[in-house]
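Open the model in your viewer and keep the selection panel handy. We will go from one stop to the next, with a note on what to look for at each.

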Amino acid sequence: MADPAMSVTPYWEVTFDADGDVDGRQRNRLLAGVAERGVRDLIVFAHGWNSDRSGATSLYSRFFAPFPRLAPAARIGYVGVVWPSMRFSDEPIPDLPRSVADGSARRPALDKDTRNALLGTFPGRVTVVEQLARLLEERPAEEAALEEFGRLARLLVEVVPPGPQALFAADTLVEGVPQDGPAMFAGPAAAVCEEFARVTAGLEVPSGAAGFTVPNPWDGAHELLRQATYYAMKRRAGTVGERGLGPLVGRLARAAPAVRVHLVGHSFGGRLVSFALRGLPGGVRAVKSVTLLQGAFSHYAFAARLPHDPRAGGALQGQQHRIAGPLVCCHSRHDTALGTVYPLASRMAGDARGAVGEPQVGKLLGAKWGAMGFGGVRAVPGTRACTLAEALSAPLPASGCVNVDAAAVVRRGGPPSGAHSDIVHPELARVVLAAGRIR
């Protein structure tokens, strides 16, 4: 389907709702169009969290632009996945929650655009959103007000039965441990807000800086709300992947058996396309490659066993074998959002004890709570590792997990997110082509 903002053709857009239900008309146009246009290789790209439709379309247009030049003989079709994520209007960096490192996050009030985004993302919660906004504006001194804020934030993001999203929050599976919600809401909200305020402020203040004082817990309340929506979007990405995109790929395989599907995901979109593997119908081998660009989910997601807990494995353990080709994970040490902010958010969602008074944040959080896009796939035997130059100069492995150090190009961006969204490079387009053996 033509799109005036799109740089390539044929291009189709496919929209999913929060429960993974696909827009039927868009689905039907895709299924019919792939056969009509003689598409051989279909590249399906999913954006990350904190992106609206116009931002997603812009990303797809810019990322896809070099493909016709890089593979002029290939019969490529392009799909942009649009799923209901949310953007904080005071958030300049797409796809991950921001700490208060640049100072603007300390503004406690929710502006009109952010309120509207919350209402659009969590319909039916008008009263809750207005109460949260009032508390952030007034910043009452009583600890009870922070507890009320925490209660309201939990109401905002809790799953209403019998919806499917409760099944898709965890990146790891632990026998006997319920995955019923973020542990950050299990303890006193005042303590959690204080921790967010201290840790995120610590990210911006040099060690030993003179005159540094402990911030107001209400500075952390704004971050608690951001992290709560982050958790909800993490859960939603898994839902859309397994219940929406995976079955759609199955239908595509039936409608156009010769088409080779290549899944690409940025940030939480990497989580989405990875969970799509779990939603593929039995016997479907249409997915020929998966490329994760700064994936914002656990680096142990594909592991059969976790190094720190032999009871547990990744929620996607073994799913790489559903790919008739490689799972390529592009990562960068310059992505400070995934190196620091992501582990903090993950730990706060999964461990109510918190990190106050413990050692350096990065050292504390990185190994156990690290993200795929910061250090690559971990604890999966046989995983290969290479630099970006090596990935582009020699054939990639035909199967299994491959870590590609993309720090040579994924490097631009200011604090605290760093290079998280610095993914529009022809070199990364070439990685997608190499992963799928598209010529």
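Select helix 8 (residues 217-255) to begin: helix 8 lies across strand 1, strand 2, strand 3, strand 5 and strand 6, and runs at about 160° to strand 5. Helices (H or I, at least four residues) and strands (E, at least two) are DSSP runs, numbered from the N terminus. Angles run from 0 to 180 degrees between N-to-C directions, with axes as lines fitted to C-alpha atoms, for helices over the stretch in contact. Please keep in mind that this is a predicted model, where local features need pLDDT of at least 70, side-chain atom pairs count only at pLDDT 80 or more, and totals for chains, interfaces and linings use all residues. Residues are numbered from 1 along each chain as its sequence is written, and side-chain values use heavy atoms, leaving out hydrogens and water.

Next, add helix 2 (residues 53-64), which lies across strands 1, 2, 3, 5 and 6 and runs at about 140° to strand 2.

Now show the sheet itself. Its eight strands are ordered 1-3-2-5-6-8-10-9, it is open, and the pairing is parallel; two strands pair if DSSP finds at least two bridges between them. Strand 1 (11-15) and strand 9 (384-387) stand at the edges with a single partner strand each, so one side of each has no neighbour in the sheet. From one strand to the next, the twist averages 20°. Zoom in on strand 9, which four bridges join to strand 10 (residues 400-405). Here T387 stands opposite D405 in strand 10.

Back to helix 8, this time with helix 1 (residues 24-36): the two pack at an angle of about 35°, with their axes 9 Å apart. Which residues make the contact? Select R27, L30, L31 and V34 of helix 1, together with L248, R251, L252 and A255 of helix 8; contact means heavy atoms within 4.5 Å.

From there, pick L42. Leaving aside neighbours within four places in sequence, L42 is in contact with residues including L30 and V34, and also L252. Other partners of L42 include W12, Y78 and H262.

For the last stop, select helix 9 (residues 268-278). 10 of its 11 residues are buried (under 20% relative accessible area, with a 1.4 Å probe and protein chains only), so helix 9 is largely enclosed by the rest of the structure. Among the buried ones are F268, R271 and F275. The buried residues of helix 9 pack against strand 2, helix 8, strand 5 and strand 6.

Methods. Buried < 20%, exposed > 50% of the residue type's maximum accessible area, 1.4 Å probe, protein only.
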